[in-house]
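User: I'm new to this one and want to know the reasons behind the labels people put on it. Can you walk me through them?

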Amino acid sequence: MPELPEVESVRRDLITRVQGNKVTWVEPLLPRMVKCGTLDDIVGVEFTSINRRGKFLFIDTSGEMTVYIHLRMSGTLVWRKGIEDNPSHIRIVIGFQNGRLLFRDPRTLGGIWINRKGEHPWKKMGLEPFDDNLTPEVLQKLLVKRSIPIKTALLDQGTIAGIGNIYASEILFDAKIDPRRPANSISNGELLKVLNSTRTILNAAIEANGTTLKDFKLSNGRGGEFANFLKVYAKKEEECYICKSKIERIVQSQRSTFFCPSCQTN
DNA sequence: AGCGGAACCTGTCGGC
DNA sequence: TGCCGACAGGTTCCGC
């Protein structure tokens, strides 16, 4: 479910809920979602800062451990301050004196890692989209041996961190590039367009608190507003707002891709 | 090394 | 109403 803008929105939201708070109790209702370490190791420590890398949230603590959270497809974090019953599909509970943070995840694909400081759970992670070191030249070097479609390459977290299925389609529409083109056929000038579109779209999506199509919610239960600004994603058979052609849906790497066959011809 | 496809899960929705 | 396949904001693993 959540891509970079959604995770970033969750991060900003969490700062207002749990930054500076001390964990007083934990409850791993679905233990297999604790991917590494044990929740017991964070009882008694303070959450000192809430950070993000790609689609991972990570929380620095006053103790020895860092808490990493990945929401995968259907994860959300829910804040409850009273003693009401939990909503459905709560897998992990992190309790504080003033409330509790609930990791809700119907599909149970998400996870939490309790790692020693500096030991992150990801193997390969590209530069952050807003990193000044991310240039067309860097991208070209990453893609030169890759014959997979550019859309699929954008989903690879080793290319640019944080892009997912919605924004990959939106970015390529904005850059006017055919999602089916081999990644290593994209010129430097076009990679600059991809980069600019990535930044424009992710920025706008963060400002809108992300995209809520169905499940995505912030800890207060509210969704993001960027669905109102999507140009192609989930718009099969609708008219392209620029040229009035019908938006098409194709499948690449077992995922939906949406694009305008007339605007994205290069 | 790079690629395609299956696997991991559960829920929902549309068609017949 | 009920069943069944398609589909869902993601990643990892396995064989070629």
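Analyst: Sure. One term to start with: contact means heavy atoms within 4.5 Å. Also keep in mind that this is a predicted model.

User: With that in mind, what covers the buried residues of H4?

Analyst: The cover includes H1, H3, H5 and strand E11 (255–259).

User: What makes H4 "mostly covered"?

Analyst: Buried means under 20% relative accessible area, and 9 of the 10 residues in H4 are buried. They are Asn165, Ile166, Tyr167, Ala168, Ser169, Glu170, Ile171, Leu172 and Phe173. Just after H4 comes Lys176, with a positive phi near 60 degrees.

User: Why is Cys263 called buried or exposed?

Analyst: Buried, because its relative accessibility is 12% and the cut-off is under 20%. Cys36 has 34%, and the range between 20% and 50% is called partly exposed, so Cys36 counts as partly exposed.

User: How do you know whether Cys263 is in a disulfide?

Analyst: Look at the sulfurs. A disulfide needs a pair of cysteine sulfur atoms within 2.5 Å. For Cys263 the nearest cysteine sulfur, that of Cys260, is 3.7 Å away, and Cys263 is in no disulfide. The structure as a whole holds 0 disulfides.

User: Why are H1 and H5 called oblique to each other?

Analyst: Their axes cross at roughly 40 degrees. Roughly parallel would need an angle under 35 degrees, and roughly perpendicular is 65 to 115, so H1 and H5 are oblique. The two axes come within 9 Å, and H1 passes H5 in a right-handed crossing.

User: Which residues meet where H1 and H5 touch?

Analyst: From H1 you have Leu4, Pro5, Glu8, Ser9 and Arg12, and they meet Leu202, Ala205 and Ile206 of H5.

User: What makes a group of residues a nonpolar core, and how many residues has the largest one?

Analyst: The members are buried residues of certain kinds, Ile, Leu and Tyr among them, joined through side-chain atoms within 4.5 Å. The largest such core has 35 residues, and Ile150, Leu154 and Tyr167 have the most contacts inside it. Helices H2 (136–143), H3 (150–155), H4 (165–174) and H5 (188–207) each supply at least two residues of this core. A second, separate core has 31 residues, including Ile50, Val67, Phe103 and Phe216.

User: Which residues is Ile150 in contact with, leaving aside neighbours within four places in sequence?

Analyst: Among them are Leu143, Leu172, Ile177, Pro179 and Ile186. Asp178 and Arg181 are in contact with Ile150 as well.

Definitions and conventions: Residues are numbered from 1 along each chain as its sequence is written. Chains are lettered from A and ligands numbered from 1 in the order in which they are written. This is a predicted model: local features need pLDDT of at least 70, side-chain atom pairs count only at pLDDT 80 or more; totals for chains, interfaces and linings use all residues. Side-chain values use heavy atoms; hydrogens and water are left out. Buried means under 20% relative accessible area, exposed over 50%, partly exposed in between (1.4 Å probe, protein chains only). Helices (H or I, at least four residues) and strands (E, at least two) are DSSP runs, numbered from the N terminus. Axes are lines fitted to C-alpha atoms, for helices over the stretch in contact, and angles run from 0 to 180 degrees between N-to-C directions. Angles under 35 degrees count as roughly parallel, over 145 as roughly antiparallel, 65 to 115 as roughly perpendicular and the rest as oblique. A crossing is left-handed if the near helix is turned anticlockwise from the far one by less than a right angle, and right-handed if clockwise.
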